[in-house]
Amino acid sequence: QTTLHALLCTERRVLSPGPCIRLTITTTSAMVTISSVEAEEEKTTTNRVEQQQAEDDISPAAAATTTAVDPMPPSLSTTPDGWTEMMGKDLLMKSLQPPENEENAIAIQHQDLVLVDWVGFKADSPTMDSSKSTIFHKAQNVWVTVGDKDVVPALEMAIRFAHEKETLLVWSHSKFAYGASTRTRQDYELPSYSNVQYEITIRQVVPSEERQQDYDKWTLVATESKKNLANDAYVHEWAGGQGKSRILYLYQKAAKELELLLDSNNAQTDEKEDDKYNGATQTLTQQKQKATELLLDCLNNICAVQLRAKEYHASKAAAVKVLERDPSNFKGLIRAAKAALLDPASSYDEVDAAIEAAAEQASNAELADVKKLQTDFRRRKRAYEQKSQQMYAKALNSSSGKKLSNDDETKDKGETAATKEKEPEPQSETAATMPEQPLAFSWSNWRTWPWSTIGAYAFQLSMPFVMYYMATRARKNNSATGIVPDEFQSSGPSPSFESDEF
C-alpha cells in the first residue's frame, strides 16, 4: 500500500491503457449480453401473440388492442379517493396533471435519465392540506437516474411509475422518506420519523437507449447531478452522521462511473490520434477534462466527508487517490495533511511533507489555511516532544531513585554492622549483675511449665511403648484363637524331604 509520504516524495507513475481497454471490452460484452436477452424475450413475446392470433383467428389490430399493457402494474390498486397504492397504505400516488398527449407520453423505465422538479412538505396523513405545512425540500431541474438510488425511495418510486410532462402528488410514510434521520431548510428542521408529501413534475425523460448512443455526454450529466445531490445532502441531511452513508454512496457511485468513462476515453483518444481525427479528438479531450474535474471533486468530497465523520485513516486514503490523479491538487494536499495530522497511525514526516507540498501549490488566498495548519502542526509536535521528555525524565528519575535508595540502604546496613562490632549492645542492670540460673521445675509452679514443648517431646517418646503394647496384645489374641496371620501361612503343602519333588 502506497503511503502518503511515499506518494509525495516520488514521481507520479503513468498507467498504460491496457486495463482500460479490458474494462471497456467487459462492459461492452455485458451490454451485448443484456441486449441479446432482451431481444430473445421480445421474440418470445411476439411468437406468443402470433400463436394466440392463429388460435382465436382475429385481426392484428384486434390482437394489439387485446394485448395492450396497462401503464400501471396490475399489483397496484386504487383507493376510492383516487390514490394509487404503490406500497400498500404506506406509499400513495395521485396524478394531479396528466401529460397532454397520454397516448404518446413516454413511460419511464429502469435506468432512464429523468429531469425532475419537486417540493416536499411534512404531512402526517394523505388528507392533510400541504399548503398549510412547511416546505422542507425544494429542488428544480434535477437529473435523476432511475434505479441508482439518487433520491429517497418515495421520490424514486413515484418517478418510476410516472410519464413525461406529468405532475404527481405522493404521500409517504417516514420509512420511505428519511426515517430516523432529518433534513434542514433555512431555519426549519424536519423531525425524525416524519411522514412527508411531495409534489413532483416530470420535465424530460432520456431513455436508456438514447443514453447509450451518446454515452459520454449523458454520463457526465448524470454524474454531475449525483455530485450536486450529495453536496446538498452534505449540507442539509448530515443529521449527526446519519446521512453519511447516503452521501458517500452518491460520491462513490459518481466517481466509479467517471473512472470508467475516463478509461474508455483514454482508449478512444489513442485510436482517434492514430486515425488523425482532429475534431473527434478535441471533443474527447474536452469531455476528458470535464470528467477529470468531476472525479477530483468527488474524491475530494469523499475525503471531506470522512474528515467530518472523524474517520481519519479513510480520509487519508481518499486523499491519496486524489493525489494519484493530480499530485498538485491543493484541496487533496491540505485535506491529506489534516487527515494525517489527526490519524494516530500517521507519522510527522507524512504531515510535514503534505503541508510543504500544499504550501507550494497554495495561492495567496489559500496561504492562510496552510499557515493555520502549520501552527497546529507545530503545537502538536511541541506538545508531543514535551510529553515524551517528561515521560523519559520520570522513568529516568524512577530508576535512578530506586538505585540510590538501594545504595543508601546497603551503606546504612554496613555502618550499622560496623557499629555493632565496635560497640557492644547495652545490657540491663538485672541481666548484667544477676548470674544465669537454670529453670526450676517444681510441682508448685506446674502451671507455668512450657507444656507445648513438653507435650511434643512426650508424644514422641511414648510412641515406641504404645506400638510395642499393641503388637503384644495382638499376638496374645491370635494364640488364644488359633488364628495364624496370612503372612505366616504357607500357600502350598509343606515340602517333604523324603520326596523327590522338592
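This is a short tour of one structure, stop by stop, for use in a viewer. The model is predicted.

**Stop 1: the cavity**

Start inside the protein. The count comes to one cavity of 30 Å³ or more. The largest cavity has a volume of about 60 Å³. To find this cavity, select Trp-118, His-137, Val-151, Val-152, Leu-155, Tyr-178, Leu-229, Asp-232, Glu-237 and Arg-246, which line it. Colour the lining by character. Six of the lining residues are nonpolar, one is polar and three are charged.

Keep two of these residues in view: Tyr-178 and Leu-229 are both in the lining. Each leads to another stop.

**Stop 2: Leu-229**

Select Leu-229 first. Leu-229 belongs to helix 6, which covers residues 215-236. Is Leu-229 buried or exposed? Its relative accessibility is 11%, so Leu-229 counts as buried. The cut-off for buried is under 20%.

Now add Val-142 to the selection. Along the chain, Leu-229 and Val-142 are 87 residues apart. In space, 8.4 Å separates their C-alpha atoms. Val-142 falls within strand 5, residues 135-145.

**Stop 3: the aromatic rings**

Go back to Tyr-178 in the cavity lining. Show the aromatic side chains as sticks. The structure holds six aromatic pairs. Select Phe-136 together with Tyr-178. Their ring centres are 6.0 Å apart and the planes meet at 85°, so this pair is edge-to-face. Where do the two residues sit? Phe-136 is in strand 5, while Tyr-178 is in the loop between strand 6 (167-172) and strand 7 (183-185). The pair therefore ties together parts that are 42 residues apart in sequence. Both Phe-136 and Tyr-178 are buried.

Next, add Tyr-198. Ring pairs link Phe-136, Tyr-178 and Tyr-198 into a cluster.

**Stop 4: a second ring pair**

Move along to Tyr-348 and Phe-377. Here the ring centres lie 5.7 Å apart with planes at 55°, so the pair is tilted. Tyr-348 lies in helix 11 (residues 348-361) and Phe-377 in helix 12 (residues 367-422). The pair therefore ties together parts that are 29 residues apart in sequence.

Compare how far each ring residue is covered. Tyr-348 has 28% relative accessibility, so it counts as partly exposed. Phe-377 has 7%, so it counts as buried.

Stay on helix 11 and select Glu-350, which is found there. Glu-350 counts as buried, at 8% relative accessibility. Which residue does the side chain of Glu-350 contact? Select Ser-346. A polar contact of 3.5 Å joins the two side chains, Glu-350 and Ser-346.

**Stop 5: charges over rings**

Two spots show a positively named side chain above a ring face: select Lys-149 with Tyr-249, then Arg-160 with Phe-161. Lys-149 lies over the face of Tyr-249, at 4.9 Å from the ring centre. Arg-160 lies over the face of Phe-161, at 5.5 Å from the ring centre.

**Stop 6: two residues with positive phi**

Turn to the backbone. Most residues other than glycine have a negative phi. Select Lys-165. Lys-165 is not a glycine, yet its phi is positive, about 65°. Lys-165 is placed in the loop between helix 4 (153-160) and strand 6. At 53% relative accessibility, Lys-165 counts as exposed.

Now select Tyr-193. Its phi is also positive, about 55°, although Tyr-193 is not a glycine. Tyr-193 lies in the loop between strand 8 (188-190) and strand 9 (196-206). Tyr-193 counts as exposed, at 61% relative accessibility.

**Stop 7: helices 9 and 10**

Finish with two C-alpha distances. Select Leu-333 in helix 10, residues 330-342. Leu-333 is buried, with a relative accessible area of 1%. Add Ala-354. How far apart are Leu-333 and Ala-354, C-alpha to C-alpha? They are 5.9 Å apart in space and 21 residues apart in sequence.

Last, select Ala-317, found in helix 9 (residues 312-325). Ala-317 counts as partly exposed, at 42% relative accessibility. Add Ala-340. Ala-317 and Ala-340 are 23 residues apart in sequence, and their C-alpha atoms are 9.8 Å apart.

Notes. Residues are numbered from 1 along each chain as its sequence is written. This is a predicted model: local features need pLDDT of at least 70, side-chain atom pairs count only at pLDDT 80 or more; totals for chains, interfaces and linings use all residues. Side-chain values use heavy atoms; hydrogens and water are left out. On a 1 Å grid over the protein atoms alone, a cavity is a set of points where a 1.4 Å probe fits but cannot get out, and a pocket is an open set with protein on both sides within 12 Å along at least five of seven lines; lining residues have an atom within 4 Å of a point. Grid points are joined across faces, edges and corners, and a volume is the space filled by probe spheres set on the points. Ala, Val, Leu, Ile, Met, Phe, Trp, Tyr, Cys and Pro count as nonpolar, Asp, Glu, Lys and Arg as charged, and the others, Gly among them, as polar. Rings of Phe, Tyr and Trp (its six-membered ring) pair if their centres lie within 6.5 Å; planes under 30 degrees apart count as stacked, over 60 as edge-to-face and the rest as tilted. Helices (H or I, at least four residues) and strands (E, at least two) are DSSP runs, numbered from the N terminus. Buried means under 20% relative accessible area, exposed over 50%, partly exposed in between (1.4 Å probe, protein chains only). A charge sits over a ring if NZ of Lys or CZ of Arg is within 6 Å of the ring centre and within 35 degrees of the ring normal. A polar contact is a pair of N or O atoms within 3.5 Å; within protein, one must be able to donate a hydrogen and the other to accept it, and residues adjacent in sequence count only if both atoms are side-chain atoms.
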